[in-house]
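Here's a quick walk through two bits of packing: a sheet with a helix on it, and a pair of helices.

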Amino acid sequence: MSGVVTTTGQGLVVSGAEEHFNIVIVGHVDHGKSTLVGRLYAETGSLPEGKLEKVQAICRQQGKEFEYAFLFDAFLEEQEQGITIDTARTFFTWKGRQYIIIDAPGHKEFLKNMITGAARAEAALLVIDAWEGVKEQSKKHGYLLSLLGVRQFAVVVNKMDMVGYRQDVFAGIEKEYRAFLQQFGAVPERVIPVSAKFGDNIVYHSQAMPWYEGPTVLDLLSSFKKETASADQPLRFPVQDVYKFDVRRIIAGRLTAGRLRVGDSLLFSPSNKRANVKSIEAFNVEPPPMSAEAGQSIGITLDEQIFVERGEIATHPGNLPHVSTSFKANIFWLGKRPLERKRKYGLRIATKEVECEVVAIHRIIDTTDLNQQQDGTSVNRNQVAELTIRTKSPIAFDIASSFEATGRFVLVDEYDISGGGIVTEMVPDEQESLREEARRRDFSWVKGEVSVEDRAKQYGHRAAVVLFTGGRHTGKSLLARKLEGRLVAEGRHAYLLDGENLRRGLDADLSEEEKGLTAEMARRYGEVARLLIDTGLIVVSTTNPFGLAYREALEAIRTLVHPAPVIAVHVSKTAEEPPPDTDVVLSGPVDLDAAIKQVMEALKHRRVLDESLNAKPTPQYSI
């Protein structure tokens, strides 16, 4: 029951299979991985015509005994060395399923390639030589597969012919390896005794091992459960870019999971912006498609012109990704210099690129001996680590076991990709409760007939918050009033939101003790600012009500008004460290005119004052 194998300009194409299944084969060097793969490929009739005979002829010419491993050790240098160097992807079909076999290397030097192969696997076979027994690499591969989230696996004890097919030898290896795997909660589906060289227990049960009554290797592969097909998963559409054609704004990207149809309601994370799919755009396709599914690269237009950016993830409202600035991860470090806590790195996950840092290293595993180090400060090359990462700004992501494309990432150190990993857990950050409040509020926000873009075009500017931060008696209030006056004089719609007015009004129900706390006051403050922003205003304010807790208040307000921009202006009497992502820093004696000019330039830089909207807005009056 094999598939038909043909060769095209794009490589091998196997037809007749109902589904694809990725499986990785790992094990110590010379334990027979390639031989096992070659036997599987040959026994299922999946070899291209003449391939077997060609390899046999080469062996005769070189005076070698034919081995099934030679079918896949395609590179001359690999045949000369007698080892598999790169991660080879091969195909065979059995009982309606196309298996993509990832034959991963066993040598220590090629561990990186093994990791790359395992990362794509839905299941794994760990090969152990019955003659040599459980080796260091055997243990290492079992642990790393578990660490990478490969939960579905079996152990193949190969070369049983070398030990006379003895049951006691097999039983000893099975007992030892199960005990090792149990240390980290890994349980194999089966442990199977085989001889790949002679085909014992590969396709048919071996007459040489009547004491074994379990499944053959192919029977076992058939029993592995297929992961949910990407198209059947909830929608994940990472935004790659946004293009403007005529009057249309086309949001482009690749569907990594799920299906998308014209008319679908979409929510973009982390911005919480919502809109409906107006059309699906595909290059040179007529008529335009009405739907798309995982694996397709498409563009979409929306029924309203919301502003979304590269790195956001579009989903249906009923199944959202996580949003946070922190998550736990397993990483494999390959950098030239160690991975260090508090050092800045670039993080790339799906289409998002953001600065990050490692805030905690929980455990380090040295892949040469599996020794573990708790709470280290750096991760060396070829080490695996479990750690917590914090990003500079909120990002959308998933747990890797649920969504591969939006749950796997790389770390960049000075332009070099130096590590890769998977997200294992979302970590709530300081803004989690406010972010969830903002999400729930935005999901059910009742919109009027006038959109955000309509207001921006009418007013000649976008809505935003300009927030003056700093300690007491630094002139923040004076600067805020001057900025409001300057904006209104230019015909802008600006409003000074003074915290003292909120304290005496909206916050009047709070006790004096509660007013001394930042959290609830900042929450109310941010919600009022969000309402004013929805009217299209530029809201000018200060952190005076929060005293020295202005840094916490700034972050809370940013979270509650997101995705509207917050232009932060830090004012101090002497030079000091401003809050993160501050736009303008003013220290020492302040020249009012020069300071206001700096803030106006920041508003232009952040596209709040955008010449493409209206150079000279016309004020609108009503009675």
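## How strands pair

Two strands count as a pair once DSSP finds at least two bridges between them. Keep in mind that this is a predicted model.

With that in hand, look at Val 569, which stands opposite Val 584 in strand 30. Strand 29, residues 566-572, is joined to strand 30 by 4 bridges, and the two run parallel.

## The whole sheet

Zooming out, these strands belong to an open sheet of 5 strands with parallel pairing, ordered 27-28-26-29-30. Strand 27 (494-497) and strand 30 (584-587) sit at the edges, each pairing on one side only. On average, neighbouring strands are turned by 15° against each other, direction ignored.

What packs on the sheet? That's helix 15 (residues 592-605), which touches strand 26 (464-469), strand 29 and strand 30. The direction of helix 15 makes about 170° with that of strand 30.

## Helix 5 against helix 6

Now for the helix pair. Two packed helices are described by the angle between their axes and the distance between the axes. For helix 5 (residues 136-147) and helix 6 (residues 167-182), the axes come within 10 Å and cross at roughly 40°. Angles between 35 and 65 degrees count as oblique, so helix 5 is oblique to helix 6. The crossing of helix 5 past helix 6 is right-handed.

Who meets whom? Helix 5 brings Ser 138, Lys 139 and Gly 142, and these meet Tyr 177, Phe 180 and Leu 181 of helix 6. Sorted by class, the contact has 3 nonpolar, 2 polar and 1 charged residues.

Terms used:
Residues numbered from 1 in each chain as written. Predicted model: local features only at pLDDT ≥ 70, side-chain atom pairs only at ≥ 80, totals over all residues. Heavy atoms only, no water. Axes fitted to C-alpha atoms, helices over the stretch in contact; angles between N-to-C directions. Contact = heavy atoms within 4.5 Å. Parallel < 35°, antiparallel > 145°, perpendicular 65-115°, else oblique. Left-handed = near helix turned anticlockwise from the far one by under 90°. Nonpolar A, V, L, I, M, F, W, Y, C, P; charged D, E, K, R; others polar.
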